[in-house]
Amino acid sequence: FITSFSTATSITVDIPLIGAPDVPAAAAAAGLVRKLECGINIDPANPVGNPSAAALRELGATWVRLVFQNHPGQPLSESFTQYDRVVSDMRQAGVNVLMILNNQSFPGKPPREALDDPVKWRDYTVGFAQRCQEVAVHYRDAVPAYQIWNEPDHDGVLPEYDPTVRA
């Protein structure tokens, strides 16, 4: 990798593809060779972490990864309204969306200390599965990929930040 910083704090990364196998012309002609796909995490709720679709496309991003958030007490329709715009903008720019469904997608999960209590998780799990279905149905023609993420690597050091969902 070669990283350079400018006065505008831009980052340029050159990634040489060393040791790539020779691709037979017949395989390339048959469409069996795909280009390198690049993506970036975005946060539509954070202006600093939410570049425009056009800017992402200019950077070469072909995917964005974002968390579908539905805050406690917020009607699901409001969340859809917020994310519909983002998904539409990305599609128009030719950028695919990998939508993450996690504890922020369906509020009300049991606390970390209840991870080993399946009874406390039963209702949440059913509701979470229904939320996943609602989101997938809503974006059926617009979002090509989903990731259900339960923060398995989170150590729980900050008590106010508890994203862990039972596996």
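**Exercise 1.** How many Å² does the chain expose, and what share of that area do carbon and sulfur atoms supply?

*Solution.* The model is a predicted one, and the area computed from it comes to about 11,100 Å² exposed by the chain. Of this exposed area, carbon and sulfur atoms supply 57%. Turning from the surface to the interior, buried residues, meaning those under 20% relative accessible area, make up 30% of the 167 residues in the chain.

**Exercise 2.** Work out in what order the helices and strands follow one another along the chain.

*Solution.* Begin with the inventory, which is four helices and six strands. Then read from the N terminus on, where the elements run β-β-α-β-α-β-α-β-α-β. As for the contacts between residues at least 6 apart in sequence, 62% of them join residues at least 24 apart.

**Exercise 3.** Describe helix α3, from its length and bend to its packing and the residue just after it.

*Solution.* Step one is the span: α3 covers residues 76-93, has 18 residues, and reaches 26 Å from its first C-alpha to its last, which is close to the 26 Å expected. Step two is the bend, which is about 25° and lies at Tyr83, a residue that is also buried.

Step three is to list the buried residues of α3, which are Leu76, Ser79, Phe80, Tyr83, Val86, Val87 and Met90. In an α-helix there are 3.6 residues a turn, so residues three or four places apart point the same way.

Step four asks for the partners: the buried residues of α3 pack against the helices α2 (53-59) and α4 (118-138), and against the strands β4 (63-67) and β5 (96-101). Finally, just after α3, Gly94 takes a positive phi of about 80°.

Conventions:
Residues numbered from 1 in each chain as written. Predicted model: local features only at pLDDT ≥ 70, side-chain atom pairs only at ≥ 80, totals over all residues. Heavy atoms only, no water. Helix = DSSP H or I, 4+ residues; strand = E, 2+ residues; numbered from the N terminus. Expected span 1.5 Å × (residues − 1). Bend = angle between axes of the 7 residues up to and from the residue. Buried < 20%, exposed > 50% of the residue type's maximum accessible area, 1.4 Å probe, protein only. Contact = heavy atoms within 4.5 Å. Areas by Shrake-Rupley, 256 points an atom, 1.4 Å probe, with all protein chains shown as cover.
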